[in-house]
Amino acid sequence: MAVDRDDPAWFFFTSGTTGRPKGVIHTHASIDAVVRQTVDLWGMGEGDVLYVPSPIGHIGGSIYAFEFPWITGCRTILEDGWDPARAVQVMDAEHVTFMAGATPFLKGLLEAAEAADTALPSLRRFICGGASVPPELVRRGLAAFPNAVVSRAYGSSEV
């Protein structure tokens with residue numbers, strides 16, 4: 001069976017800005033477009049290593065786990081759950097360059113990196129979203145991870 005770029009590929013639920021759950025349908029073309037635009041914007045490529053502890057049932061976990069490696073040739077490390085101390089160990093050992101996660105992920109990563117006395121020198125980017133992201137948390141991330149851009153993403157499921 002032939003698949004058209006405009007055929008539905010993924011269906012996600014999100015509360016978005018309204019707080020009311022709603023379904024979002026992504027086509028093969030919409031997923032491809034968001035990943036390719038993100039890759040161009042963030043300068044990602046086959047030399048990158050993504051750390052993905054986010055659930056793959058959410059758009060964030062799924063695109064970083066499946067689409068980014070397919071399109072860029074980068075390597076992805078998947079985790080079954082979130083353990084900040086383990087994340088720091090793996091990220092240091094595997095020279096992780098990219099991670100995305102909700103606010104608790106960044107908070108936990110900051111605390112675990114401080115406890116391990118590391119600035120995660122290979123980390124180039126941490127994208128934080130999925131919940132309110134306090135500006136002070138972003139500032140802490142920028143100070144703690146001096147080689148990384150720490151910023152927020154918004155509306156990934158709806159994009």
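**Nonpolar cores and the surroundings of helix α3**

In this predicted model, the largest nonpolar core comprises 25 residues, and those with the most contacts inside it are Tyr 51, Met 91, Leu 106, Leu 109, Phe 126 and Phe 145. At least two residues of this core are supplied by each of β3, α3, α4, β6 (125–128) and α5 (135–144). Helix α4 provides the largest share, six residues. Leaving aside residues up to four places away in sequence, Phe 145 touches Leu 106, Leu 109, Leu 110, Ala 113, Ala 119, Leu 120, Leu 123 and Val 150. Another core, of 19 residues, lies apart from the largest one; Leu 50, Ile 63, Ile 71 and Ala 100 are among its members.

Helix α3 spans residues 84–94, and its buried residues are Ala 87, Val 88, Val 90 and Met 91. Met 91 is also listed among the residues with the most contacts inside the largest core. The buried residues of α3 pack against three strands, β3 (49–52), β4 (75–78) and β5 (98–101), and against helix α4 (103–115). At the N-terminal end, α3 is capped by Asp 83, of which a side-chain oxygen lies 3.1 Å from the backbone nitrogen of Ala 85. Just after the helix, His 95 adopts a positive phi of about 55°.

Two of the strands that α3 packs against, β3 and β4, run parallel and are joined by four bridges. Within this pair, Val 52 stands opposite Leu 78 of β4. Together with helix α2 (residues 59–72), β3 and β4 form a right-handed β-α-β unit.

Conventions
Residues are numbered from 1 along each chain as its sequence is written. This is a predicted model: local features need pLDDT of at least 70, side-chain atom pairs count only at pLDDT 80 or more; totals for chains, interfaces and linings use all residues. Side-chain values use heavy atoms; hydrogens and water are left out. Buried means under 20% relative accessible area, exposed over 50%, partly exposed in between (1.4 Å probe, protein chains only). Contact means heavy atoms within 4.5 Å. A polar contact is a pair of N or O atoms within 3.5 Å; within protein, one must be able to donate a hydrogen and the other to accept it, and residues adjacent in sequence count only if both atoms are side-chain atoms. Two strands pair if DSSP finds at least two bridges between them. A crossover is right-handed if, with the strands pointing away from the viewer, the path from the first strand over the helix to the second runs clockwise. A nonpolar core is a set of buried Ala, Val, Leu, Ile, Met, Phe, Trp, Tyr and Cys residues joined through side-chain atoms within 4.5 Å.
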